[in-house]
Amino acid sequence: MSAHNTAPFCELKPDSTDLQRSFMRHLQYTLVRDKYSATKADLYLALAYAVRDMLADRWLDTQQTYYNNDAKRVYYISMEFLMGRTLGNSLINLEIMDEWETALKEMGIDVKDLQETEWDAGLGNGGLGRLAACFLDSMATMGLPAYGYGIRYEYGMFYQRIVDGGQFEVPDNWLRYGNPWEFGRQEHLHKVQYNGRVVEYTDEQGERRHSWIDTHDVMALAYDVPVPGYGNNTVNTMRLWTAKSTRDFELESFNRGNYVGAVESKMKTENISKVLYPADHMLEGKELRLRQEYFLSAATVQDIFYRFAKKHSDIRLLPDKVAIQLNDTHPTLTIPELMRILVDEKQLSWDVAWDIAVRTFAYTNHTILPEALEKWPVAMLEHILPRHLLIIYQINDHFMREVAARFPGDGERLRRMSIVGEDGEKHIRMAHLAIVGSHSVNGVSALHSRILRDDLFRDFHDLWPERFNNKTNGITQRRWLKYANRWLADLISSRIGDGWVTNLDELKNLRDLADDREFQQQWIEVKRANKRTLAEHIFSRTCIEVSPDSLFDCQTKRIHEYKRQLLNVLHVITRYNRLKANPGLEIPSRAVIFGGKAAPSYTMAKLIIRLINAVGTVVNNDPAVNHRLKVVFMPNYNVSLAELIFPAADLSEQISTAGTEASGTGNMKYALNGALTIGTLDGANIEIMEEVGRENIFIFGMNAEQVGGLKRAGYRPQDYYYRNPELKQTIDQIGDGTFSPGDRNLFKPIVDSLLGNDAYLLLADFASYMACQEEVDHLYLQPFEWARKSILNTAGMGRFSSDRTIAEYAGEIWGIKPETVERHSRRTLL
């Protein structure tokens, strides 16, 4: 499959006058402002509406093409879509960024300033959501009939502030001023049921049937967001659901005179789409999370049936026209929901319905961490989704009989594989349900998929080896190079052309330029310009001054113990100690830049953030060292901040314990922008190493097999602590109040964790990590050799385009093909 839909895209671009007229029309008639009263926010909205107009024709034509061609469509269901800002991405994909910049510059308006006005869409948190966003971009660019389905969270994860060195969460009210990119679809309103009871009856054919009655109902209202492809006529749809109270429920309360109660009920109902990731360490938070997952599942399945029924009356054709991809376990309730509709409402037999379901669903696993593999208590499901619990039991009953027939007498295998977990509180294993109900199960890097096959889901692989496959993650080069790093994108295109924008493999042509001294110098200059931009932003946000001449050492990702930000901190403290002991040490200056959010209830992760900032306070205020070493924690890490950091980074820290990171995509974004990676043999680091060459990446530490062997042999972290004087000094300083003079016990839980069990083997990898950092220092003192390796890293990124990943999904799992969208009309821009 081609990585780019080559539909005709040759219409003349509007000139500056046309664009200015469209902009002023929206400013005056949509926003009712003039040049005297307009704020910067008004100017942004006028531009957004004008650009949105340019998407509208293509959007309508795209949907009509899919309908007319009766195309098989993929529905990508995800609890997160970390889209970032829409304006810049739309301008890039419409190939009209330069034209708008020129048109507004003539009016004294800077498009970049207007882009900064847009609030990042609060629809996701980490890599899972950003991957989904990259996939939507690739599907549109490749002309694939695809829809993204998610929840329109009124509040995002949270807005992170740093107060006294610690994370302080405030609401991320990203919809406060509205969203010009969304369209409310009042006609797409679906009823979602909760609670109630199940009644069993016998139908006219003597079949046992079930009816779910006396339910508490919530309405799901659709909001559509356009997703434009690059350089084609395709504009796909991301449909987001928001929860609304049913009119009957509100009237009933009002008519009884219970006005306050009616409003409270309405608010409680609509809480379902209020916030991304409610705190699930409490029962109420867990229940809300379950309600969210079912809300997304039920509304989406009903919407899919609605679209399918426009062309087809035979429900048995569903797998031929519909592919549903589950992005991790969160949407797994779509499986019993589809079965409920097929069996209870469409009155199909169980076997026919199950065959349809399995051929329709595919499941992507994103984690091997036990705490991230969702398990829902049976008691909670019985209360909230009683019909679905019965369906899950029936699925498990059929499944257990199949396993018993294949592996007779193996009771332990039955226990391990059962969808219903009996250890501790009785629960449903959602990953098991997703595997049983899908025809495809994929991991997201070669190592991760091997761990799924050989370890985590080995029993399932023994039963269904044909279901398991790998789809290494990817990123969209349109967002992460052409848009985020326009200086580097222009330099690359000036030498090898711009074909890489839709075929990233063309970056391999940069290899011929890696030893070109003139090109190396230009590469260095672009990097330094990006570093200067980031340095200015760092100072404006944190009042910390960093030199663009220092090595920018970056670790930006969700704060979690397995990602080992703490190992990075151990290096920073040790480096600080070395500089204090030997001021003449010949090593390059470094700015160590952190960014990322910790889950509000994750105490250890939040303490690590405090430690990072505490170390920064000491280091940055020590005049003996602060011209050689700086520590920066950038608050509220999001897509827009990432777009500043990736282009400026020299070194990318990908240092998770081997065997814990499923893939990682930050590693790809950094390398695409010319950063060298220091990392373990974990996730996609391995495949990046294979593509860029072992000599062009800094690899340290144990591999996954060695990690497992050390744990089985009995890991004793204190052995490493006592054997390594530098490590001992560093840990003692964390514990003795060096970085917390007012409270010497503040970081004691970190020390206790490291010396107690050190679950992620930081002490075991410390010496190797420090030696590898010395290699980094040595190379950075050779700027042209560093530039050569940087060029080779970018040149090796062709495999890591999300276009390649999506082509594999489309051809090997979904069975869908590109559709060429022709322009059916020439509606005026104005």
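## A strand covered on both faces

Both faces of strand S10 are covered: on one side Val322, Ile324 and Leu326 are buried, and on the other side Ala323, Gln325 and Asn327 are buried as well. The model described here is predicted. Strand S10 comprises residues 322-327, and six of its six residues are buried.

Strand S10 has a partner strand in S1, which spans residues 73-77; these two pair in the parallel sense over five bridges. Within the paired region, Tyr75 stands opposite Ile324 of S10. Strand S10 is also joined to strand S11, residues 361-364, by four bridges, and S10 and S11 run parallel. Here Gln325 stands opposite Ala362 of S11.

## The sheet as a whole

Strands S1, S10 and S11 belong to an open sheet of nine strands with mixed pairing, arranged in the order S5-S8-S9-S2-S1-S10-S11-S15-S16. The edges are formed by strand S5 (183-194) and strand S16 (468-470); each has a single partner strand, so one side of each is left without a neighbour in the sheet. From one strand to the next, the twist averages 25°.

An example of antiparallel pairing is found between strand S8, residues 216-228, and strand S9, residues 235-245, which are linked over eleven bridges. In this pair, Pro226 stands opposite Thr237 of S9.

## A buried histidine at an edge strand

His188 lies in strand S5, and S5 stands at an edge of the sheet. Is His188 buried or exposed? Its relative accessibility is 10%, and residues under 20% are classed as buried, so His188 counts as buried. Apart from neighbours within four places in sequence, His188 is in contact with Ala220, Leu221, Ala222, Arg239, Trp241, Asp303 and Tyr306.

## Helices against the sheet

Two helices may be described by the strands that they cross. Helix H2 lies across S1, strand S2 (146-151), S5, S8 and S9, and runs at about 95° to S9. Helix H33, residues 802-814, lies across S1, S10, S11, strand S15 (440-443) and S16, and runs at about 120° to S10.

## A pair of packed helices

Helix H11 (residues 334-345) packs with helix H12 (residues 350-360) at an angle of about 140°, and their axes are 10 Å apart. The two helices are therefore oblique to each other. The crossing of H11 past H12 is right-handed.

Which residues of H11 and H12 meet? From H11 they are Ile335, Leu338, Met339, Leu342 and Val343, and from H12 they are Trp350, Ala353, Trp354, Ile356 and Ala357.

## The nonpolar cores

In soluble globular proteins, nonpolar side chains tend to be buried together. In this model, the largest nonpolar core has 206 residues, and those with the most contacts inside it are Trp100, Met139, Phe295, Leu510 and Trp814. Helix H2, residues 40-68, gives the most to this core, with 13 residues. A second core of 65 residues is separate from it and includes Leu570, Ile734, Ile750 and Leu755.

What is Met139 in contact with, leaving aside its neighbours within four places in sequence? The residues are Val74, Tyr76, Leu144, Ala146, Asn236, Ile806 and Trp814. Trp814 is itself among the residues with the most contacts inside the largest core.

Key: Residues numbered from 1 in each chain as written. Predicted model: local features only at pLDDT ≥ 70, side-chain atom pairs only at ≥ 80, totals over all residues. Heavy atoms only, no water. Core = buried A, V, L, I, M, F, W, Y, C linked by side-chain atoms within 4.5 Å. Buried < 20%, exposed > 50% of the residue type's maximum accessible area, 1.4 Å probe, protein only. Contact = heavy atoms within 4.5 Å. Pairing = 2+ DSSP bridges. Axes fitted to C-alpha atoms, helices over the stretch in contact; angles between N-to-C directions. Parallel < 35°, antiparallel > 145°, perpendicular 65-115°, else oblique. Left-handed = near helix turned anticlockwise from the far one by under 90°.
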